[in-house]
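Work through the exercises below with the sequence and the model side by side. Try each task before reading its solution.

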Amino acid sequence: MENFDYLNWLAIVVAAFAYFALGALWYSKILFAKRWIADLKIDVNSPDAKKGMGMMFGGSLVMMFVQCLAIAIIANRLELIGAGWMSGLKLGALTGACFCAATVGVNYFYEKKPLSLFLINAGYAVLGNIIAAIIICSWA
């Protein structure tokens with residue numbers, strides 16, 4: 001198995017935290033929290049609504065790190081490291097739409113969830129991938 005010394009681990013970590021920070025804004029009252037909560041039929045007054053938040057946030061950050069690691073590997077293989085923000089935008093849009101949004105979409109077909117929920121969650125994944133890929137591709 002190949003080692004990964006060629007990867008810029010700091011760029012990957014920064015990209016993962018940027019993706020995570022986007023989630024804090026995306027799912028806040030400023031943007032989509034109200035619609036997201038309504039679509040999922042979450043009772044925010046229930047004592048169970050906030051159980052396991054640490055695990056959810058921690059697990060999310062780990063998964064975002066995994067996504068950023070994959071983006072960095074792809075960017076490296078395509079020789080996009082240091083290629084600038086436009087290369088990152090294109091790579092992030094491709095990975096976000098083709099891997100993340102498409103997978104979320106398939107699940108939503110079977111789960112019969114509202115289109116608005118798909119648009120919120122898939123939109124977050126695409127924009128998160130774009131931001132991560134811009135950071136990774138721009139970092140020389």
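The exercises cover the core, single residues, salt bridges and aromatic rings.

The model is predicted, so local features need pLDDT of at least 70 and side-chain atom pairs count only at pLDDT 80 or more, while totals for chains, interfaces and linings use all residues. Residues are numbered from 1 along each chain as its sequence is written, and side-chain values use heavy atoms, with hydrogens and water left out.

**Exercise 1. The nonpolar core**

Find which residues of the largest nonpolar core touch the most other members, and which helices supply the core.

Solution. Start with the term: a nonpolar core is a set of buried Ala, Val, Leu, Ile, Met, Phe, Trp, Tyr and Cys residues joined through side-chain atoms within 4.5 Å. Buried means under 20% relative accessible area, exposed means over 50%, and partly exposed lies in between (1.4 Å probe, protein chains only).

Step 1. The largest core has 23 residues, and Y19, C68, L91 and I136 touch the most other members.

Step 2. At least two residues of this core come from each of α1 (9–26), α3 (53–77), α4 (85–111) and α5 (115–138). Helices here are DSSP runs of H or I with at least four residues, numbered from the N terminus. The largest contribution is that of α5, with eight residues.

Step 3. Take C68 as an example. Contact means heavy atoms within 4.5 Å. Leaving out residues up to four places away in sequence, C68 touches I12, A15, A16, Y19, A132 and I136.

**Exercise 2. Two residues of one helix**

Describe the surroundings of L89 and state how far V106 is from G59.

Solution. Step 1. L89 belongs to helix α4, and V106 is found in helix α4 too.

Step 2. L89 counts as partly exposed because its relative accessibility is 31%. V106 is also partly exposed, because its relative accessible area is 42%.

Step 3. Beyond residues up to four places away in sequence, L89 touches I130 and I134. The C-alpha atoms of L89 and I131 are separated by 7.4 Å, although their positions lie 42 residues apart along the chain.

Step 4. V106 and G59 are 47 residues apart in sequence, and from C-alpha to C-alpha they are 22 Å apart.

**Exercise 3. Salt bridges**

How many salt bridges does a search of the whole structure find? Give the partners and the exposure of those in helix α2.

Solution. Step 1. A salt bridge is a side-chain nitrogen of Lys or Arg within 4 Å of a carboxyl oxygen of Asp or Glu. The search finds three.

Step 2. The side chains of R35 and D39 form one of them, at 2.5 Å from N to O. Both residues lie in helix α2 (residues 33–40), four residues apart, or about one turn of the helix.

Step 3. R35 is partly exposed because its relative accessible area is 44%, whereas D39 counts as buried because its relative accessibility is 8%.

Step 4. D48 is bridged to K51, with the closest N and O atoms 3.0 Å apart. K51 is exposed, with a relative accessible area of 57%.

Step 5. E111 is bridged to K113, with the closest N and O atoms 3.2 Å apart. E111 is partly exposed at 44%, and K113 is partly exposed at 34%.

**Exercise 4. Rings**

Classify the pairs Y19 with Y124 and F20 with F57, and say what sits over the ring of Y108.

Solution. Step 1. Rings of Phe, Tyr and Trp (its six-membered ring) pair if their centres lie within 6.5 Å; planes under 30 degrees apart are stacked, over 60 edge-to-face, and the rest tilted. The count comes to nine aromatic pairs.

Step 2. Y19 and Y124 are 5.4 Å apart from centre to centre with 70 degrees between the planes, an edge-to-face pair. This pair links helix α1, which holds Y19, to helix α5, which holds Y124, across 105 residues. Both Y19 and Y124 are buried.

Step 3. F20 and F57 are also edge-to-face, at 6.2 Å centre to centre and 90 degrees between the planes. F20 lies in helix α1 and F57 in helix α3, 37 residues apart. F20 is partly exposed at 27% relative accessibility, and F57 is partly exposed at 46%.

Step 4. Ring pairs also join Y19, W26, Y27, F32, W36 and Y124 into a cluster.

Step 5. The charged end of K113 sits over the ring of Y108, 5.5 Å from its centre. The rule asks for NZ of Lys or CZ of Arg within 6 Å of the ring centre and within 35 degrees of the ring normal.
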